[in-house]
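Q: Take me through one part of this chain up close, please. I'd like to start from a single residue on the surface and then see how the rest of the model sits around that spot.

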Amino acid sequence: MATESNEFMPASAEAPSNKQRTFVRYFTAILIDLVVLNLFAEYTNKVLIDSFTTSLLAAVVLQILLKLTIALEHRVGAFFKARPG
């Protein structure tokens, strides 16, 4: 029984919105942080994490701090760029 490959494709494809792109970006970054944190907790004695929830919250906090640090960096850069010399 032969089926056409176009049968399973949507009639029209829409580009993802900016909110969807932002969600995927942060979701992926949080998952990466979560994996790295848990690998450190698994294989070193210097990182102790009591539960998965704690490591998940730590991954979210890391992303928030990263976003704030980048925003501050841009503000400081704009401040010095506006000054002569």
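A: First, a cut-off we'll need: a residue counts as buried under 20% relative accessible area, as exposed over 50%, and as partly exposed in between. Keep in mind that this is a predicted model.

Let's pick V61, which sits in helix α2, the stretch covering residues 52-82. Is V61 buried, exposed or partly exposed? Its relative accessible area is 44%, so V61 falls between the 20% and 50% limits and is partly exposed.

V61 also has company. Together with F52, L56, V60, I64, L65 and L68, V61 forms a nonpolar patch on the surface. Those residues add up to about 610 Å² of accessible area.

Now follow helix α2 to A82, which belongs to that helix too. With a relative accessible area of 56%, A82 is exposed, because anything over 50% gets that label. Pair A82 with L39 and you get 43 residues of sequence separation and 43 Å in space, going C-alpha to C-alpha.

On the other side of our patch story is V47, placed in the loop between α1 (18-43) and α2. V47 comes out at 24% relative accessibility, so V47 is partly exposed as well, given the 20% limit for buried. From V47 to K67 the sequence gap is 20 residues, and the C-alpha atoms are 23 Å apart.

Zooming out, the chain has 2 helices and 0 strands. Its radius of gyration is 21 Å, where a compact globule of 85 residues would be near 12 Å. Along the principal axes, the C-alpha atoms fill a box of roughly 70 × 50 × 20 Å. Buried residues account for 9% of the 85 in the chain. The exposed area is about 7,900 Å², with 66% of that coming from carbon and sulfur atoms.

One last thing, on charges: the chain carries 8 positive and 7 negative ones, and their mean positions lie 21 Å apart.

Conventions:
Residues are numbered from 1 along each chain as its sequence is written. This is a predicted model: local features need pLDDT of at least 70, side-chain atom pairs count only at pLDDT 80 or more; totals for chains, interfaces and linings use all residues. Side-chain values use heavy atoms; hydrogens and water are left out. Helices (H or I, at least four residues) and strands (E, at least two) are DSSP runs, numbered from the N terminus. The radius of gyration is taken over C-alpha atoms; the globule rule is 2.2 Å times the number of residues to the power 0.38. Buried means under 20% relative accessible area, exposed over 50%, partly exposed in between (1.4 Å probe, protein chains only). Accessible areas come from the Shrake-Rupley method with a 1.4 Å probe; for residues, only the protein chains shown count as cover. Lys and Arg count as positive and Asp and Glu as negative; His and the chain ends are not counted. The place of a charge is taken as NZ of Lys, CZ of Arg, CG of Asp or CD of Glu. Patches are made of residues with over 30% relative accessible area and no salt bridge: like charges are joined within 9 Å, nonpolar side chains (Val, Leu, Ile, Met, Phe, Trp, Tyr) within 5 Å. A salt bridge is a side-chain nitrogen of Lys or Arg within 4 Å of a carboxyl oxygen of Asp or Glu.
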